[in-house]
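Biologist: Let's go through this model together. I want the reasoning behind each label.

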Amino acid sequence: MSAPLYPIEGVASWNMNTTCNYRCSYCTQRFVEDRKRWARDLPRFVSGFLALPGDWEIKLSGGEPFRHPGFLETVRDLAAGGLRVSVVTNLSASLEDLLEFASATANRPGVLSASLHLEYAEPEAFRDKLLAISRAWAGRVCVTCVATRDNLPRLAELASMFEGLSFKVQPEKQDRDVIDYSPAERDQLLALGGHNGTGVIDPDLSGRPCWAGSRYFVVDHRGEAWRCYPARRYRQEHLGNLLDGSLRLRLGAEACRYRYCNCTVPQQRGMVRL
Ligand code: SF4
Ligand code: SF4
């Protein structure tokens, strides 16, 4: 299979903190020993991102990135440097802070991906807050919700509540893999668009050329960078550190080495063929 065309805009997913005000039962980070870690030397991170070759979008996530004490200041600095800034958030931040994010990124807005966590958030209040932001912002807004077995029967109705906004479901994972859904549950998931609207649930893309590592990478709160989330999970394909000058991006698309790809960005940005 040939590689997809060169992606003009690269994307870096920055897990800037493990801190979160929620403790969702399905959180992939709930076994992380210390949920209070955050990126410290923010100006060095910003310099590292600004030094990347070509055009980049920085996708901020955590934990809950709005809980990082330097979050808004960092958003302003990244945006002032001309980078597109996106965020993955549980939307629990104040409307004032969310609107400040929208204002800071107005020149080159990215995606605000709002995760609806039904163990904590009330759907109508969540929707109203999201609508208030989407009225004030030119970027894309989407809603995601984890399809736990408890949530699954509610998701079609929830999707209709968010009409006009993009509503995507995410399969629940335990111990690195998608849970053992029954065939009927898998049909329900596919009817809802599969993983983040990709039309599949747990794709095996091993062997396919993928631009992750070259035009996509994942970086943690210490600056350590990996090709993608599965690479980080298995501690393979470490790309170096963004802060100490050792980051080395790949030069082209390379074959995927993983049996299960849960990386939405490379899949949705055409960096690998599904
Ligand atoms: S909001 Fe996200 S980071 Fe926080 S506990 Fe829930 S799944 Fe984990
Ligand atoms: S797991 Fe996904 S993102 Fe990572 S190399 Fe494979 S296809 Fe690309």
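**Ligand 2 and its surroundings**

Modeller: This is a predicted model. Around ligand 2 lie Leu205, Cys210, Ala212, Arg227, Cys228, Pro230, Cys256, Tyr258, Cys261, Cys263, Pro266 and Val272.

Biologist: What makes a residue count as being around ligand 2?

Modeller: One of its heavy atoms must lie within 4 Å of the molecule. The residues just listed, Leu205 to Val272, make up that set for ligand 2.

Biologist: What is the make-up of that shell by class?

Modeller: Eleven nonpolar, no polar and one charged. Cys, Tyr and Pro count as nonpolar, and Arg counts as charged. So Arg227 is a charged residue of the shell.

Biologist: Why is Cys228 called buried?

Modeller: Its relative accessible area is 8%. Buried means under 20%, so Cys228 qualifies.

Biologist: And what about Cys256, buried or exposed?

Modeller: Cys256 has 14% relative accessibility. The cut-off is under 20%, so Cys256 is buried as well.

Biologist: How many disulfides does a search of the whole structure find?

Modeller: Zero. To be called a disulfide, a pair of cysteine sulfur atoms must be within 2.5 Å. So no cysteine pair in the structure meets that cut-off.

**The cavity**

Biologist: How many cavities of 30 Å³ or more are there?

Modeller: One, from a search of the whole structure. The largest cavity holds about 110 Å³ of space. Its lining has 14 residues, and Cys210, Ala212, Cys228, Cys256 and Cys261 are the closest to its centre. By class, the lining is twelve nonpolar, no polar and two charged.

Biologist: What takes up the space of the largest cavity?

Modeller: Ligand 2 does. The cavity is found over the protein atoms alone, so the space of ligand 2 can appear as a cavity.

**Ligand 1**

Biologist: Which residues are closest to ligand 1?

Modeller: Cys20, Tyr22, Cys24, Cys27 and His117, out of nine that surround ligand 1. That shell has four nonpolar, three polar and two charged residues.

**Backbone**

Biologist: What makes Arg235 and Glu237 worth a look?

Modeller: Most residues other than glycine have a negative phi. Arg235 has phi near 55°, and Glu237 has about 50°. Both lie in the loop between H7 and S12.

Biologist: How do you know which of them is buried and which is exposed?

Modeller: Exposed means over 50%, and Arg235 has 57%, so Arg235 is exposed. Glu237 has 7%, which is under 20%, so Glu237 is buried.

Definitions and conventions. Residues are numbered from 1 along each chain as its sequence is written. Chains are lettered from A and ligands numbered from 1 in the order in which they are written. This is a predicted model: local features need pLDDT of at least 70, side-chain atom pairs count only at pLDDT 80 or more; totals for chains, interfaces and linings use all residues. Side-chain values use heavy atoms; hydrogens and water are left out. On a 1 Å grid over the protein atoms alone, a cavity is a set of points where a 1.4 Å probe fits but cannot get out, and a pocket is an open set with protein on both sides within 12 Å along at least five of seven lines; lining residues have an atom within 4 Å of a point. A molecule sits in a cavity or pocket if more than half of its atoms lie within 2 Å of its grid points. Buried means under 20% relative accessible area, exposed over 50%, partly exposed in between (1.4 Å probe, protein chains only). Grid points are joined across faces, edges and corners, and a volume is the space filled by probe spheres set on the points. Helices (H or I, at least four residues) and strands (E, at least two) are DSSP runs, numbered from the N terminus.
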